[in-house]
Amino acid sequence: MASGEVYRAVAVLGRGAVAPDAPILTGDDLGVLRGDGVFESLHIRDGQPWLLEDHLARMARSAAGLGLELPDRVALTELTGQALAGWPRKREGVMRLVCTRGREDGDQVTVFATVADVPRAVLHGRHHGVAVLTASLGFRADARQQAPWLLGGAKTVSYAVNMASLRWAASHGADDVLWLSAEGYCLEAPTSTLVWLVGGRLCTVPSERTGILAGTTARWLLRHADRVGYEAGEAMVTPAELAAAEGAWLLSSVRGVAEIRTLDAVPVGSAPPTVRLREFLGFSGPPA
Ligand SMILES: Cc1ncc(COP(=O)(O)O)c(C=O)c1O
């Protein structure tokens, strides 16, 4: 492989490892036609997916929300091993584990796993922080609670709105978006969870109440917050309160922790402990 090229690996359920450019979907796959499927993105470190059990548990919850028959944990775990068989142990990566509803007239889900390098822009945000703009989703923070068809908390492959949000941020010179509810509460980012530090307490937005995705990275951090000297909690927060916090970050399995440097061009945080959190989460690879 030429240096600078993105390194990839792919495995398909029932087929095992395949060439990275092998065809794995048919044109009538409902994952492609309808965005009807679920997925997980996992951080690959030391040749293994980090927090695999948490991701599989969330994937099962997402699949249940869509009424999708997800293969069992053993089969999915085996598939992740097949995708990683040729992956260099020391190389950081991102795995996508995907399950779609399968072919339009079929009765079998399509399941595959890919592994690739972490994108350079993500590494840059991890080490240099991000400029974030707020953008309203237009519904109240509790709107998804009584509306299971809105698939609150499910990680589906329908990410067109998420990607459009990021393009909108880029077109306005920013790196990311923080979605707001109609009444102005911060919810989450299109591919990350919001965490902030106030009064020695690391906080995140409650997922049950708001229907945001329950982030595995943020949950892990808050579960172990006492090991870095903080308490942990859940709260609703406004952009103004966030700007006045000691620090605020976007967390995900791929980016780890990216400091929010500005929110709507207003500087955020006073001496935020970003390096400490990044190292504690194990995302201390070489700066981009
Ligand atoms: C909408 C959304 N929120 C939050 C997250 C962060 O979740 P995790 O830490 O499990 O990667 C992601 C990324 O998976 C996401 O897509």
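**View 1. Strands E9 and E10 pair as an antiparallel hairpin.** Two strands pair if DSSP finds at least two bridges between them. By that rule, strand E9 (residues 193-198) pairs with strand E10 (residues 201-204): four bridges join them, and the two run antiparallel. The model shown here, as in every view, is predicted. One place to look is Val195, whose bridge partner in E10 is Thr204. Two residues lie between the strands of this hairpin. Gly199 sits in the turn and has a positive phi of about 55 degrees.

**View 2. Strand E10 also pairs with strand E11.** In which sense do E10 and strand E11 (residues 231-234) pair, parallel or antiparallel? They pair in the parallel sense, over four bridges. Arg201 has Glu231 in E11 as its bridge partner.

**View 3. Six strands make an open sheet.** The strand order is E2-E1-E6-E5-E3-E4, and the pairing is antiparallel. Why is one side of strand E2 (16-18) and of strand E4 (48-49) left without a neighbour in the sheet? Both strands stand at the edges and each has a single partner strand, so one side of each has no neighbour there. Further in, E5 and strand E6 (residues 110-116) run antiparallel and are joined by seven bridges. Find Cys99, and Val111 in E6 stands opposite. In a regular strand the side chains alternate between the two faces of the sheet.

**View 4. Arg8 lies in strand E1.** Strand E1 covers residues 8-12. Set aside the neighbours of Arg8 within four places in sequence. Which residues does Arg8 then contact? They are Pro20, Trp87, Val115 and Ala116. Ala131 gives a sense of scale: 123 residues separate Arg8 and Ala131 along the chain, and their C-alpha atoms are 29 Å apart.

**View 5. A salt bridge links Arg58 and Glu40.** The closest N and O atoms of the pair are 2.7 Å apart. Arg58 lies in helix H2 and Glu40 in strand E3, so the salt bridge ties together parts that are 18 residues apart in sequence. Side chains of opposite charge can pair when their charged atoms come close. How many salt bridges does the structure hold? The count is 11.

**View 6. Domain 1 meets domain 2.** The domain assignment splits the protein chain into domain 1 (8-117) and domain 2 (122-281). Their centres, taken over C-alpha atoms, are 25 Å apart. In contact here are 24 residues of domain 1 and 20 residues of domain 2. Between them the domains bury about 1,600 Å², with 61% of that area on carbon and sulfur atoms. Which three residues supply more than any other three of the area that domain 1 buries against domain 2? Phe39, Trp50 and Arg58 do, with 34%.

**View 7. Polar contacts and salt bridges span the two domains.** Two salt bridges are counted between domain 1 and domain 2. The side chains of Glu92 and Arg126 also meet in a salt bridge, at 2.7 Å from N to O. Between the domains, 11 residue pairs are in polar contact. On the side of domain 1 that touches domain 2, helix H1 (30-34), strand E3 (37-45), helix H2 (52-66) and strand E5 (93-100) each supply at least two residues. E3 gives the largest share, eight residues. By class, this side of domain 1 has eight nonpolar, eight polar and eight charged residues.

How values were computed. Residues are numbered from 1 along each chain as its sequence is written. This is a predicted model: local features need pLDDT of at least 70, side-chain atom pairs count only at pLDDT 80 or more; totals for chains, interfaces and linings use all residues. Side-chain values use heavy atoms; hydrogens and water are left out. Domain bounds come from an automatic or database domain assignment. Contact means heavy atoms within 4.5 Å. Buried area is the accessible area (1.4 Å probe) that two parts lose on being put together, summed over both. A salt bridge is a side-chain nitrogen of Lys or Arg within 4 Å of a carboxyl oxygen of Asp or Glu. A polar contact is a pair of N or O atoms within 3.5 Å; within protein, one must be able to donate a hydrogen and the other to accept it, and residues adjacent in sequence count only if both atoms are side-chain atoms. Ala, Val, Leu, Ile, Met, Phe, Trp, Tyr, Cys and Pro count as nonpolar, Asp, Glu, Lys and Arg as charged, and the others, Gly among them, as polar.
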